[in-house]
Every structure is written in C-alpha cells, then in structure tokens.
Amino acid sequence: MISIHTPLTLEKVKSLHTGDQIKLSGTIYTARDAAHKRIVEMLDNGEELPFDMRDAIIYFAGPAPATDDEVIGPCGPTTSYRMDAYSPRLLKEGLRGMIGKGKRSQDVIDTMKETHALYFGAIGGAGAIMADCITSCEVIAFEDLGPEAIRRLEVKDMPLTVVIDDEGHDLYEIGKLKYTEGRYAKINK
C-alpha cells in the first residue's frame with residue numbers, strides 16, 4: 001500500500017499507476033450529480049466555488065446521517081458515470097482526483113490524460129468501512145441537497161485503488177482483457 005496525503009499534486013499523480021493500492025489521508029470533498037450540476041452552473045456564472053478545485057479530490061458519495069457517536073454515517077461510493085457530464089469541466093478547473101465506483105466515459109478519460117488526473121475506486125457496499133476512515137465532516141455548500149450537499153472530509157488511511165491513471169490506463173479494461181486471455185487460453189489447451 002502506498003500512503004498519499006492531500007493535496008494531490010502533479011508529482012503525486014505521476015507517481016501512481018493503474019492498479020496501485022493506496023491509503024489516502026487529508027482533505028477531500030463529497031459531491032454527487034446534483035452538486036456537480038450546481039458547481040458547473042456557478043462556473044458558468046463566474047461565481048466563486050465553495051472550495052478550490054486545484055489539486056483537490058472529490059468523493060462521489062452521499063453519506064447516511066450520523067448517529068450520536070459517529071462523525072458521519074455510512075459513506076460508500078456512488079456510481080461515477082452519473083458525474084461524467086460534469087467531470088471534464090471540473091478537471092479543467094484543476095480537479096486532480098475522483099473517487100467512486102464503476103466505469104468512466106471516454107470523454108472523462110481523455111480529459112484526465114490532458115489534465116493529469118486520477119480516478120480512484122472505492123469499495124461499493126462498504127460504506128461503514130469507508131466511514132471509519134473519516135475523522136471529521138463539515139457541510140460547506142448546498143445544505144438543501146441533504147446527503148448530496150458538499151462536505152469537507154478529513155480522512156485517514158482510506159483504502160483506494162487507482163482505477164484510471166493519468167495516461168488513461170483503465171483497470172476495468174485491463175481486467176477484462178486478462179480474464180478473456182486467461183479464459184480462452186484454458187479453453188484452447
């Protein structure tokens with residue numbers, strides 16, 4: 001496991017490759033599709049954003065409410081393709097990392113290559129485990145969106161995998177190819 005601390009600088013991006021397993025610590029932000037839509041509208045209107053996108057990481061998550069003794073409720077990743085219409089714009093504003101689950105569009109991957117960004121995979125269905133890595137949580141924008149409000153999170157040793165690196169290598173495609181090659185190699189013996 002590779003330990004990474006935010007901000008996610010270009011130097012750190014260049015040191016990571018598809019398939020690397022990391023433990024992420026530092027500040028990240030939650031935002032799902034409704035928040036992404038508002039952020040892009042703010043950019044279109046020339047408004048100041050709720051946080052600086054440069055070298056930031058957005059976690060595609062909408063956490064459940066916390067109980068009295070929790071910092072945050074279960075906080076697992078949401079399906080990333082729902083942000084694909086907005087991600088290229090945010091990447092061009094300096095966003096350096098995204099955390100979610102599932103495949104990304106070719107447009108997102110191309111923009112990641114152009115802007116040198118990473119896509120990290122988080123374990124779907126493991127929201128309680130992910131929440132254990134969150135040491136603080138604060139709503140910083142769009143409180144009316146409830147679970148989809150933007151939150152500033154402090155995380156410690158959040159387990160992630162680099163799914164797509166800044167050269168466009170995609171673990172989903174690599175895995176499919178390895179599976180297909182292995183399966184047909186066994187059948188053809």
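The accessible areas quoted in these legends come from the Shrake-Rupley method with a 1.4 Å probe. Calculated in this way, the accessible surface of the protein chain comes to about 9,400 Å², of which 50% belongs to carbon and sulfur atoms. The legends below describe a predicted model.

**Figure 1. Overview of the protein chain, which has six helices and seven strands.** Read from the N terminus on, the elements follow one another in the order β-α-β-α-β-α-β-α-β-α-β-β-α. The radius of gyration of the protein chain is 17 Å, close to the 16 Å that the globule rule gives for 189 residues, so the chain is as compact as a globular protein of that length. Along its principal axes, the C-alpha trace spans about 60 × 40 × 30 Å. Of the 189 residues in the protein chain, 47% are buried. When contacts between residues at least 6 apart in sequence are considered, 63% of them join residues at least 24 apart.

**Figure 2. Close-up of the loop between β1 (2-5) and α1 (10-15), where Pro7 lies.** The feature to look for here is the peptide bond that leads from Thr6 to Pro7, which is cis and has an omega near 5°.

**Figure 3. Close-up of Val40 in helix α2, which is made up of residues 33-44.** Val40 has a relative accessible area of 13%, and because buried means under 20%, this residue counts as buried. Once its neighbours within four places in sequence are left aside, the residues in contact with Val40 are Tyr86, Arg89 and Leu90. For a sense of scale, the C-alpha atom of Val40 is separated by 32 Å from that of Ile174, a residue 134 places away along the chain.

**Figure 4. Close-up of Ser80 in the loop between β3 (57-59) and α3 (87-92).** Ser80 has a relative accessibility of 0% and therefore counts as buried. Its side chain is joined to the side chain of Tyr119 by a polar contact of 2.7 Å. Apart from neighbours within four places in sequence, Ser80 is in contact with Phe60, Gly100, Lys101, Gly102, Arg104 and Tyr119, so that Tyr119 appears both in this list of contacts and as the polar partner of the serine side chain.

**Figure 5. Close-up of helix α4 (residues 106-115), with its buried residues Val108, Ile109, Thr111, Met112 and Thr115.** These five residues cover an arc of only 165° around the axis, which puts them on the same side of α4. The spacing can be understood from helix geometry, since an α-helix has 3.6 residues a turn, so residues three or four places apart point the same way. The buried residues of α4 pack against helix α3 and against the strands β4 (97-100), β5 (118-121) and β7 (150-164).

**Figure 6. Close-up of His116, the residue that follows α4 and has a positive phi.** His116 is found in the loop between α4 and β5. The phi of His116 is near 60°, a positive value in a residue other than glycine. With a relative accessibility of 26%, His116 counts as partly exposed.

**Figure 7. Close-up of Asp157, a residue of strand β7.** Although Asp157 is not a glycine, its phi is positive, at about 55°. The relative accessible area of Asp157 is 31%, which makes this residue partly exposed.

**Figure 8. Close-up of the cysteines Cys75 and Cys137 in a structure that holds zero disulfides.** Cys75 is in no disulfide, and the nearest cysteine sulfur to its own, that of Cys137, is 7.5 Å away. Seen from the other residue, Cys137 is likewise in no disulfide, and its nearest cysteine sulfur is that of Cys75. Because a disulfide is a pair of cysteine sulfur atoms within 2.5 Å, a separation of 7.5 Å does not qualify. In terms of accessibility, Cys75 has a relative accessible area of 0% and is buried, whereas Cys137, at 29%, counts as partly exposed.

Key. Residues are numbered from 1 along each chain as its sequence is written. This is a predicted model: local features need pLDDT of at least 70, side-chain atom pairs count only at pLDDT 80 or more; totals for chains, interfaces and linings use all residues. Side-chain values use heavy atoms; hydrogens and water are left out. Helices (H or I, at least four residues) and strands (E, at least two) are DSSP runs, numbered from the N terminus. Buried means under 20% relative accessible area, exposed over 50%, partly exposed in between (1.4 Å probe, protein chains only). A polar contact is a pair of N or O atoms within 3.5 Å; within protein, one must be able to donate a hydrogen and the other to accept it, and residues adjacent in sequence count only if both atoms are side-chain atoms. Contact means heavy atoms within 4.5 Å. The arc is that of the directions from the helix axis to the C-beta atoms. The radius of gyration is taken over C-alpha atoms; the globule rule is 2.2 Å times the number of residues to the power 0.38.
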